[in-house]
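Reader: I am new to reading structures, and I would like to understand how the words used for them are justified. Could we go through some of them together, one at a time?

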Amino acid sequence: MATQIETLPGSAGVGAGRRPRRSKATDTDRRHRRGVARWFVLAAAIIVAVLMMIPFVIMVLNAFKSPADYSTNGPLSIPQELYTDGLVNFWERVNFPEKLLNSVWISSFVAIFAVVVSLLSAYALGVGRIKGRMSIVTLFLLANMLPQEVLVYPLFQMAQKVGLSNNQWSIILIFTVIQAAFGTYLLSSVLGTFPKALLEASALDGAGKWRTLWSVVFPVVRPTMSVLVIFFFIWTWNEFFIPLVMLTTNATQTIPVALASLQGDRMMDAPTTNAGALVSMIPAIIFFIMFQRTLTRGITAGAVK
């Protein structure tokens with residue numbers, strides 16, 4: 001005879017699977033604390049942004065200030081009149097279109113070559129699982145930490161021996177290796193956690209190493225490679241020391257080296273120098289704005305599966 005067991009109100013069976021309800025006051029307090037924390041983070045971000053913009057504002061003020069106004073009122077004053085001769089002087093003295101073409105050409109080739117070399121090296125290290133993988137990755141990381149002052153003399157001697165003295169291809173080859181060291185370290189870390197199921201499925205379909213690289217691995221790491229292209233372009237654009245040593249004539253020099261030529265031993269035309277710095281920043285800013293969405297997508301790729 002079946003026995004019906006009635007569960008009394010308040011017994012363990014009634015509320016066994018139920019979660020205790022949180023009070024509305026508790027939820028409100030938590031939302032309030034999160035809101036206050038967000039305002040503090042926003043205020044800190046605004047303060048940091050303002051501090052970072054101060055040097056740029058000072059540069060813009062001095063770029064449109066006459067030398068007499070700069071000498072009389074100092075670098076922090078507002079220009080008394082709109083002075084544009086500094087921009088004209090910089091444009092004509094350094095032949096800015098030529099230097100712009102050199103910088104764009106060198107930075108573009110370095111960015112493309114370094115990313116390709118990084119992908120091939122990281123594919124062998126991260127997916128190929130060659131022996132001594134961690135030692136090689138560590139070596140790449142240590143090589144990326146070497147200061148340029150240590151490398152410049154042997155690089156200069158090697159460029160002379162192979163006939164690349166005062167040649168822009170020497171800069172392209174040097175920075176391709178330097179940037180690829182960092183790119184290999186980053187991509188090999190990413191490919192070290194690559195899903196083995198995709199590689200096994202590709203092998204079952206009869207795909208070889210190259211087919212697996214371009215059809216399986218490349219689409220996955222393409223956002224990261226886009227970020228590396230942007231970083232390598234901007235980093236190479238801002239390089240100064242090695243191009244200063246390797247490129248000895250005006251026809252081959254880049255924009256940062258041309259800016260340094262405006263300063264003399266005992267005298268410096270501050271308005272012209274600031275005008276040159278302002279003009280030199282514009283191409284890099286335009287490049288960054290053009291690829292800002294690519295950079296954002298590349299950084300956030302993989303955050304949501």
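**How the words are earned**

Author: Let us begin with charge pairing: the structure, which is a predicted model, holds one salt bridge.

Reader: What makes the contact of glutamate 98 with lysine 99 a salt bridge?

Author: The closest N and O atoms of glutamate 98 and lysine 99 are 3.3 Å apart, and the term asks for a side-chain nitrogen of Lys or Arg within 4 Å of a carboxyl oxygen of Asp or Glu, so the pair qualifies as a salt bridge. As a general point, side chains of opposite charge can pair when their charged atoms come close.

Reader: Why is lysine 99 called buried, and what is glutamate 98 called?

Author: Lysine 99 has a relative accessibility of 3%, and buried means under 20%, so lysine 99 counts as buried. Glutamate 98 has 27%, which lies between the limits of under 20% for buried and over 50% for exposed, and therefore glutamate 98 counts as partly exposed.

Reader: Why is tryptophan 39 called exposed?

Author: Its relative accessible area is 62%, and exposed means over 50%, so the word fits tryptophan 39. This residue is found in helix 1, residues 24-63, and together with Leu42, Ile46, Ile47, Val50, Leu51 and Ile54 Trp39 makes a nonpolar surface patch of about 730 Å².

Reader: How do you know that alanine 258 is buried?

Author: Alanine 258, in helix 11 (residues 255-260), has a relative accessibility of 3%, and because the limit for buried is under 20%, alanine 258 is counted as buried. Its C-alpha atom is separated by 9.1 Å from that of arginine 93, although these two residues are 165 apart along the chain. Over the protein chain of 305 residues, buried residues make up 30%.

Reader: Which helices supply at least two residues each to the lining of the largest pocket?

Author: They are helix 4 (96-127), helix 5 (133-145), helix 6 (148-161) and helix 7 (168-191), and the largest share, ten residues, comes from helix 7. About 490 Å³ of space lies in this pocket, and of the 26 residues that line it, the closest to its centre are Leu155, Leu173, Ile174, Val177 and Ile178. By class, the lining has 19 nonpolar, six polar and one charged residues.

Reader: How many helices and strands does the protein chain have?

Author: The secondary structure of the protein chain comes to 13 helices and zero strands.

Technical notes. Residues are numbered from 1 along each chain as its sequence is written. This is a predicted model: local features need pLDDT of at least 70, side-chain atom pairs count only at pLDDT 80 or more; totals for chains, interfaces and linings use all residues. Side-chain values use heavy atoms; hydrogens and water are left out. On a 1 Å grid over the protein atoms alone, a cavity is a set of points where a 1.4 Å probe fits but cannot get out, and a pocket is an open set with protein on both sides within 12 Å along at least five of seven lines; lining residues have an atom within 4 Å of a point. Grid points are joined across faces, edges and corners, and a volume is the space filled by probe spheres set on the points. Helices (H or I, at least four residues) and strands (E, at least two) are DSSP runs, numbered from the N terminus. Ala, Val, Leu, Ile, Met, Phe, Trp, Tyr, Cys and Pro count as nonpolar, Asp, Glu, Lys and Arg as charged, and the others, Gly among them, as polar. Patches are made of residues with over 30% relative accessible area and no salt bridge: like charges are joined within 9 Å, nonpolar side chains (Val, Leu, Ile, Met, Phe, Trp, Tyr) within 5 Å. Accessible areas come from the Shrake-Rupley method with a 1.4 Å probe; for residues, only the protein chains shown count as cover. Buried means under 20% relative accessible area, exposed over 50%, partly exposed in between (1.4 Å probe, protein chains only).
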